[in-house]
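Welcome to this tour! Please open the structure in your viewer and keep the selection tool ready, as each stop begins with something to pick.

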Amino acid sequence: SAFDLKGAGIVADVKISSVTKKFGNVYAVDKFDALIRDGEFVSILGPSGCGKTTMLRMIAGFEKATEGEISIGDQVVSKASAGIFVPPEKRHIGMVFQSYAVWPHMNVFDNVAYPLKIQKVPAEQLKERTTKALALVHLEEYAERFPNQLSGGQQQRVALARALYGDPVFVVLDELCA
């Protein structure tokens, strides 16, 4: 796919049209519609098991919709009927997962720097931006520690710094409680 939001200078409105996700015969999400305007902060509320996380995962590209369409800006990133599915790394969406998803084999610095490494950001800029991200979440002194040496709240802040400093056009936070 030629789709890539990086450097596109788009307005990051997210449009969700009749999105459905089925697992076998079970509907996790059924005909969900929403328009999230650039700059808006939106919360999706509901009981456990109602499809909130599944919907966020579909927006970010970690889950394919069974039906419906998702657009970011003027680009369709998911449309089941047309076979369109842009992978997460091309959507430039920062996501903090429920479980934080910090990599246990990487120290704090490398966890936060990872999206920038994938984007091939020059080493000096990568170090500067990662250090700035760690300062934002008050974890500068923990840069060399590994996730098993951190509290749950500190791990969550690592995940938040990583999501914000990967240069996203949109950020998804799944049950962020920090």
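The stops below go from the whole chain to its cores, its helix pairs and a few single residues.

**Stop 1: The whole chain**

Begin with everything selected, and keep in mind that this is a predicted model. Show the cartoon view: the secondary structure comes to five helices and seven strands. If you trace the chain along its sequence, the elements follow the pattern β-β-α-β-β-β-α-β-α-α-α-β. The chain has 178 residues, and 42% of them count as buried. Now think about contacts between residues with a separation of 6 or more: 62% of these join residues 24 or more positions apart.

**Stop 2: The largest nonpolar core**

Here is some background for this stop. In soluble globular proteins, nonpolar side chains tend to be buried together.

Select Phe109, Val112, Leu126, Leu134, Leu139 and Val158, and show their side chains. These are the residues with the most contacts inside the largest nonpolar core, which has 22 residues. Which elements give two or more residues to this core? They are α3 (108–118), α4 (123–136) and α5 (152–164), so colour each of these helices in its own shade.

Next, centre the view on Leu126. Leaving aside residues up to four places away in sequence, Leu126 touches Phe109, Ala113, Leu116, Lys117 and Val121. Apart from this core lies another one, of 20 residues. To find this other core, select some of its members, including Met55, Ala65, Phe97 and Phe170.

**Stop 3: α3 beside α5**

Two numbers will help you at this stop and the next. Two packed helices are described by the angle between their axes and the distance between the axes.

Hide everything but α3 and α5. Their axes are 7 Å apart, and the helices pack at an angle of about 30°. Angles under 35 degrees count as roughly parallel, and α3 and α5 are therefore roughly parallel to each other. Their crossing is right-handed.

Which residues bring the two helices together? In α3, pick Val108, Asn111, Val112 and Pro115; in α5, pick Val158, Ala161 and Arg162, which they meet. Colour this contact by class and you should find five nonpolar residues, one polar and one charged.

**Stop 4: α3 against α4**

Keep α3, hide α5 and bring α4 back. The axes of α3 and α4 come within 9 Å and cross at roughly 125°. That angle makes α3 oblique to α4. As α3 passes α4, the crossing is right-handed.

Now show the side chains of the contact. From α3 come Val108, Phe109, Val112, Ala113, Leu116 and Lys117. They meet Leu126, Lys127, Arg129, Thr130, Thr131, Ala133 and Leu134 in α4. Sorted by class, this contact has eight nonpolar, two polar and three charged residues.

**Stop 5: The loop between α4 and α5**

Select Tyr142, which is found in the loop between α4 and α5. Is Tyr142 buried or exposed? Its relative accessible area is 15%, so Tyr142 is buried. Beyond residues up to four places away in sequence, Tyr142 touches Val108, Leu150 and Gln154. Try the distance tool as well: the C-alpha atoms of Tyr142 and Asn107 are separated by 8.7 Å, with their positions 35 residues apart along the chain.

Move on to His138, which is found in the loop between α4 and α5 too. With a relative accessible area of 58%, His138 is exposed. Its backbone deserves a look: phi of His138 is near 60°, a positive value in a residue other than glycine.

**Stop 6: A positive phi in a strand**

Jump to Ser18, whose place is in strand β1 (residues 14–23). Ser18 has a positive phi of about 50°, although it is not a glycine. Its relative accessibility is 35%, so Ser18 counts as partly exposed.

**Stop 7: Two neighbours in α5**

Finish in helix α5, starting with Ala159. The relative accessible area of Ala159 is 0%, so this residue is buried. Where does Val96 sit relative to Ala159? The two are 63 residues apart in sequence, and 5.7 Å apart in space from C-alpha to C-alpha.

Last of all, select Leu160, also in helix α5. Leu160 is buried, with a relative accessible area of 18%. Draw a line from its C-alpha atom to that of Val172, 12 residues apart along the chain, and the separation is 9.9 Å.

How values were computed. Residues are numbered from 1 along each chain as its sequence is written. This is a predicted model: local features need pLDDT of at least 70, side-chain atom pairs count only at pLDDT 80 or more; totals for chains, interfaces and linings use all residues. Side-chain values use heavy atoms; hydrogens and water are left out. A nonpolar core is a set of buried Ala, Val, Leu, Ile, Met, Phe, Trp, Tyr and Cys residues joined through side-chain atoms within 4.5 Å. Buried means under 20% relative accessible area, exposed over 50%, partly exposed in between (1.4 Å probe, protein chains only). Helices (H or I, at least four residues) and strands (E, at least two) are DSSP runs, numbered from the N terminus. Contact means heavy atoms within 4.5 Å. Axes are lines fitted to C-alpha atoms, for helices over the stretch in contact, and angles run from 0 to 180 degrees between N-to-C directions. Angles under 35 degrees count as roughly parallel, over 145 as roughly antiparallel, 65 to 115 as roughly perpendicular and the rest as oblique. A crossing is left-handed if the near helix is turned anticlockwise from the far one by less than a right angle, and right-handed if clockwise. Ala, Val, Leu, Ile, Met, Phe, Trp, Tyr, Cys and Pro count as nonpolar, Asp, Glu, Lys and Arg as charged, and the others, Gly among them, as polar.
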